[in-house]
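Trainee: I should like to go through this model term by term and ask what lies behind each description.
Mentor: Please do, and each value will be set against its definition.

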Protein chains: 2
Amino acid sequence: MLAALMDGQSLTATELAYRANISRSTASGHLSKLAAARLLIVTRKRRFSYYRIASPLVARMLESIKLVAAIEVPPRHHPRSAHDEALRFARSCYDHLAGHVGVAITDALVAMGHVVLTDDGGELTSSGECFLCTLGADLRSRQRSRRVFCQPCLDWTERRYHLKGLVGAAILRRLLELGWIKRVPGSRALRLTSSGEAGLSEVFHIEFNGKRRSHGEAPPLRNHKH
Amino acid sequence: MLAALMDGQSLTATELAYRANISRSTASGHLSKLAAARLLIVTRKRRFSYYRIASPLVARMLESIKLVAAIEVPPRHHPRSAHDEALRFARSCYDHLAGHVGVAITDALVAMGHVVLTDDGGELTSSGECFLCTLGADLRSRQRSRRVFCQPCLDWTERRYHLKGLVGAAILRRLLELGWIKRVPGSRALRLTSSGEAGLSEVFHIEFNGKRRSHGEAPPLRNHKH
DNA sequence: CGAACGGTTCGGCTTAAGCCGAACTGTCCT
DNA sequence: AGGACAGTTCGGCTTAAGCCGAACCGTTCG
């Protein structure tokens, strides 16, 4: 359930139970514990309870756990589902873009000299600032809290860096606005639209030769026992 | 046990059982599970089994978990033990210096213009490079792997930044070499020696007016039931 | 009003996590 | 050889974690 909330969205208790493949009552118990432990925040609206990750600090913790978990048992090459492939191709990571597409965009920004990445952090060059402005990405912080501006984030499927922070979030937001990528309902996976493929090719000079796994309106993974 | 290993040292199974306040057999079971999960690495020497954190990635994960855990239940103001006070004053954090002293040194480096800290990362200025060289801190990387050079690390007791990365590690190593601080056996706590107090005052212009909690050769916390 | 729906609480079940002491292996030191 | 010691394995115990269905409380809507 925590993994399902990692894209920063709020989800209802029933939806989370559905994803975790457990009963609503069990999910409710876990969710109230997680909320009591301040890992989640619950907001009640009408008759719904919306749960979301409590803070970026918690999100970072979960990400770091997943990163370690991804190293384990490397030889096990269990067959991947279509949904798994879609996740590997493109997904949201808390509030920014990850997976093959996320890494490719990051690589392109670095190659074009718009971003400089070091192990310590990242930096947006002035040409990069101009580039993102032209793209229409809004770099002003939404909240007054000073937040990490630009930072590399190790991608657990690609084992390479993608952009997180304010810059990463701005790019994801803009690509969604442009309709280049769309959220796959009921999943963290993102679908690259045909206009998106053209757009990324034109703006970032990225080509995905037959690598675009997501197809049409694939139903989200739903495997509840009952 | 993982927390006890966070200073990067290797400890024996019996020692870890002692710290965790559990029997050797129970500890052995947990440790072998942790090793199987690649969180720990075990090296057998003679009749001893030395366990240590498997990678900096794991250390970072644990640190991020502790960071989240430190936020929880802020109102609970349970009385602190002497050992707890010592930990808050100065301790090793994986391989660098944390606690009140760690933050103070970081502040001093920033104030003197030797280090520039941003949310994204840190940077050692040329004057800082010269300063550390004069101090005798070895900045060359021990391993061939490229490692984070300089980065702020949120301190869970002080809620402020201290230095981690290659620079942080070099400083801790040098202060130990100089005999300015000593490891408290059986603990992550560090003791500031009188020569260390003088040294920090002279070099970093830091004064600890009666704040030096650690005293003499205080026995480590040992509270096994039996 | 009453059915439908989202969410929670409660009681009860199953299972595994955690723990210990005893026994055993291998090493080290008289 | 024999005792001491570090570590592990095994058997057995206790407890709590995880799960479910049934019942219940509010909200929504026909």
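Trainee: Which elements each supply at least two residues of the surface near DNA strand C?
Mentor: In this predicted model, they are α1 (13-20), α2 and β3 (48-53) of chain A, together with α2 of chain B. Helices here are DSSP runs of H or I with at least four residues, strands are runs of E with at least two, and both are numbered from the N terminus. The most residues, six, come from α2(A).

Trainee: What makes a residue count as near DNA strand C, and which residues come nearest?
Mentor: The criterion is a C-beta atom, placed from the backbone, within 6 Å of the strand. Of the 20 residues around DNA strand C, Thr14(A), Ser25(A), Ser23(B), Ser25(B) and Arg46(B) come nearest.

Trainee: How do these residues divide by class?
Mentor: There are four nonpolar, 12 polar and four charged residues in the surface near DNA strand C. Ala, Val, Leu, Ile, Met, Phe, Trp, Tyr, Cys and Pro count as nonpolar, Asp, Glu, Lys and Arg as charged, and the others, Gly among them, as polar.

Trainee: What is found around DNA strand D?
Mentor: Of 19 residues there, Ser25(A), Arg46(A), Thr12(B), Thr14(B) and Ser25(B) come nearest. Two or more residues are given by each of α2 (24-36) of chain A and α1 (13-20), α2 (24-36) and β3 (48-53) of chain B. The largest share, six residues, comes from α2(B). By class, the surface near DNA strand D has four nonpolar, 11 polar and four charged residues.

Trainee: How are the residues and chains labelled, and what limits apply to a predicted model?
Mentor: Residues are numbered from 1 along each chain as its sequence is written, while chains are lettered from A and ligands numbered from 1 in the order in which they are written. In this predicted model, local features need pLDDT of at least 70 and side-chain atom pairs count only at pLDDT 80 or more, whereas totals for chains, interfaces and linings use all residues.

Trainee: Why is α1(B) called roughly perpendicular to α2(B)?
Mentor: Their axes come within 9 Å and cross at roughly 110°. Axes are lines fitted to C-alpha atoms, for helices over the stretch in contact, with angles from 0 to 180 degrees between N-to-C directions. Angles under 35 degrees are roughly parallel, over 145 roughly antiparallel, 65 to 115 roughly perpendicular and the rest oblique. The crossing of α1(B) and α2(B) therefore counts as roughly perpendicular.

Trainee: Which residues make that contact?
Mentor: Ala13(B), Thr14(B), Leu16(B), Ala17(B) and Ala20(B) of α1(B) meet Arg24(B), Ala27(B), Ser28(B) and Leu31(B) of α2(B). Contact requires C-beta atoms, placed from the backbone, within 7 Å. Six of the residues are nonpolar, two polar and one charged.

Trainee: What is the relation between helix α3 of chain A and helix α3 of chain B?
Mentor: The axes of these two helices, each residues 56-71, come within 9 Å and cross at roughly 150°. The angle therefore makes α3(A) roughly antiparallel to α3(B). The residues of their contact divide into 12 nonpolar, two polar and two charged.

Trainee: Why is Arg191(B) called buried?
Mentor: A residue is buried if 20 or more other C-beta atoms, placed from the backbone, lie within 10 Å of its own, exposed if 12 or fewer, and partly exposed in between. Arg191(B) has 20 such neighbours and therefore counts as buried. Arg191(B) is in strand β11 (residues 190-192) of chain B.

Trainee: Is Arg38(B) buried, exposed or partly exposed, and what is notable about phi?Mentor: Arg38(B) has 16 C-beta neighbours inside 10 Å and therefore counts as partly exposed. Phi of Arg38(B) is near 65°, a positive value in a residue other than glycine. Most residues other than glycine have a negative phi. Arg38(B) lies in the loop between α2 and β2 (40-45) of chain B.

Trainee: What makes His205(B) exposed?
Mentor: His205(B) has 11 other C-beta atoms within 10 Å, and therefore counts as exposed. His205(B) is in the segment after α8 (194-204) of chain B, and phi of His205(B) is near 60°.

How values were computed
Two residues are in contact if their C-beta atoms, placed from the backbone, lie within 7 Å.
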